[in-house]
Amino acid sequence: MSLLRDVFGHDHFRPGQETIIDALINGTDVMAILPTGGGKSLCYQLPALVLPGMTIVISPLISLMEDQVSSLKMRGVAAYAYHSHLSSRQRAQLQEALEHQKIKLLYISPERLANEAFFSCISRCHVSMICVDEAHCLSQWGDEFRPAYRKIGKLIPRLNSTTRPVICAFTGSATPQIRDDIIESLGLQDPLILAHSFDRPNLYFQTIHTEKKMSALMPLLQKYRGLCGIIYCLTRNSVEALAIALKEEAFPCLVYHGGMDATERLANQEAWMKSKGRLMIATSAFGMGIDKPDVRFVIHYQLPTDMESYYQEAGRAGRDGKPSD
């Protein structure tokens, strides 16, 4: 397909992508579980350029929206993100683009979709597709983490579209129960269900049994010195304590957790994204949807509570296909 090459710069599809793209272009709902780094975004971005009207992408994080919109605009795609950090001038520009039907991909949060004034505005547009990215948020944490996710399925039928938009949901991991919950909550109609292999041959998994974590961590960090990586902890206090300990051992690092000021969190994330060999110490609040290809290692200093979370976090390594641990 010429769009794949001319717009996105790829000569071939990754496993599963072409099947999903064909289904969406032909109006079939999709529930897709693709491994982190498996190219989920292309699966809805390319059909959005083929389908008439506008595609709405519902995403949980502003940083994820901005990352994808920036990349799309560099490719000449009319993509916008509507969120609370926009200036009044940016809001006016987006509003004008909406009114004149000049947007192909519009990224919003679930809370924005639930806003009555904004919903009324997009209801006047021709919406051809709705994509729910990071869809596991809907089932795993929807009632507590982001309650607005649970409202998406009830809002979609209220759109004043002449035809029902095709709906797709994407996630990096989901148990059969979570998958079925997503399908039911979004009201997917006879969807294509694609769960691609989680195996990523470039990733090396290792478990270290030790009662002295710092003693085991130091040789690893010496091995990875100068490379980009993430160390995950369960709590904010653990993140701060480990960061202090590592700086005392001459391992400079950045920190990220939900208790930090939003401006500081964003600054640390951007500094890590732009660097080639920085270490990030973080809770699970960090990393969702971030497309940094050169993460060479992910260390779980403390394990998450379930296998899905572990796989999501571990899968942030080696997105460029090169060997990573």
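H300 lies in strand β11, which spans residues 295-300. In this predicted model, H300 is buried, with a relative accessible area of 17%, because the cut-off for burial is under 20%. Leaving out residues up to four places away in sequence, H300 touches Y232, Y310, E313 and A314. With one of these residues, E313, the contact is polar: the side chains of H300 and E313 are joined at 2.7 Å.

**Helix α14**

E313 is also one of the buried residues of α14, together with E308, S309, Y311, Q312 and A314. The helix covers residues 307-314, and since six of its eight residues are buried, α14 is largely enclosed by the rest of the structure. A314, another of the residues that H300 touches, is likewise on the buried list of α14. The N-terminal end of α14 is capped by D306, which places a side-chain oxygen 2.8 Å from the backbone nitrogen of S309.

**Nonpolar cores**

In soluble globular proteins, nonpolar side chains tend to be buried together. Here the largest nonpolar core has 39 residues, and L98 and L106 have the most contacts inside it. Apart from neighbours within four places in sequence, L98 is in contact with M54, I103, L106, F118, C121 and C125. A second core, separate from the largest, has 32 residues, including C43, M65, A81 and M129.

**Cavities**

Rolling a probe the size of a water molecule over the atoms shows where empty space is left. How many cavities of 30 Å³ or more does the structure hold? There are two, and they are set out below.

| Cavity | Volume | Lining residues | Lining by class |
|---|---|---|---|
| Largest | about 40 Å³ | I230, W272, F286, G287, I290, K292, V295, R316 | five nonpolar, one polar, two charged |
| Second largest | about 30 Å³ | M54, A97, L98, Q101, K102, I103, C125 | five nonpolar, one polar, one charged |

The lining of the largest cavity includes V295, a residue of strand β11, which runs over 295-300 and also holds H300. The second largest cavity is lined by L98, among others, and L98 is one of the two residues with the most contacts inside the largest core. M54, I103 and C125 also belong to that lining, and these residues are among the contacts of L98.

**Backbone at Q101 and D190**

Q101, another residue that lines the second largest cavity, has a phi near 55°, a positive value in a residue other than glycine. Q101 is placed in the loop between α5 (88-99) and β4 (105-108). With 44% relative accessibility, Q101 counts as partly exposed.

D190 is not a glycine either, yet its phi is positive at about 45°. This residue lies in the loop between α10 (176-186) and β7. Is D190 buried or exposed? D190 is exposed, with a relative accessible area of 71%, because exposure is set at over 50%.

**Strand β7**

The strand that follows the loop of D190 is β7, which covers residues 192-195 and contains A195. A195 is exposed, with a relative accessible area of 55%. From C-alpha to C-alpha, A195 and E248 are 44 Å apart in space, and in sequence the two are 53 residues apart.

Key
Residues are numbered from 1 along each chain as its sequence is written. This is a predicted model: local features need pLDDT of at least 70, side-chain atom pairs count only at pLDDT 80 or more; totals for chains, interfaces and linings use all residues. Side-chain values use heavy atoms; hydrogens and water are left out. A nonpolar core is a set of buried Ala, Val, Leu, Ile, Met, Phe, Trp, Tyr and Cys residues joined through side-chain atoms within 4.5 Å. Buried means under 20% relative accessible area, exposed over 50%, partly exposed in between (1.4 Å probe, protein chains only). Contact means heavy atoms within 4.5 Å. Helices (H or I, at least four residues) and strands (E, at least two) are DSSP runs, numbered from the N terminus. A polar contact is a pair of N or O atoms within 3.5 Å; within protein, one must be able to donate a hydrogen and the other to accept it, and residues adjacent in sequence count only if both atoms are side-chain atoms. On a 1 Å grid over the protein atoms alone, a cavity is a set of points where a 1.4 Å probe fits but cannot get out, and a pocket is an open set with protein on both sides within 12 Å along at least five of seven lines; lining residues have an atom within 4 Å of a point. Grid points are joined across faces, edges and corners, and a volume is the space filled by probe spheres set on the points. Ala, Val, Leu, Ile, Met, Phe, Trp, Tyr, Cys and Pro count as nonpolar, Asp, Glu, Lys and Arg as charged, and the others, Gly among them, as polar.
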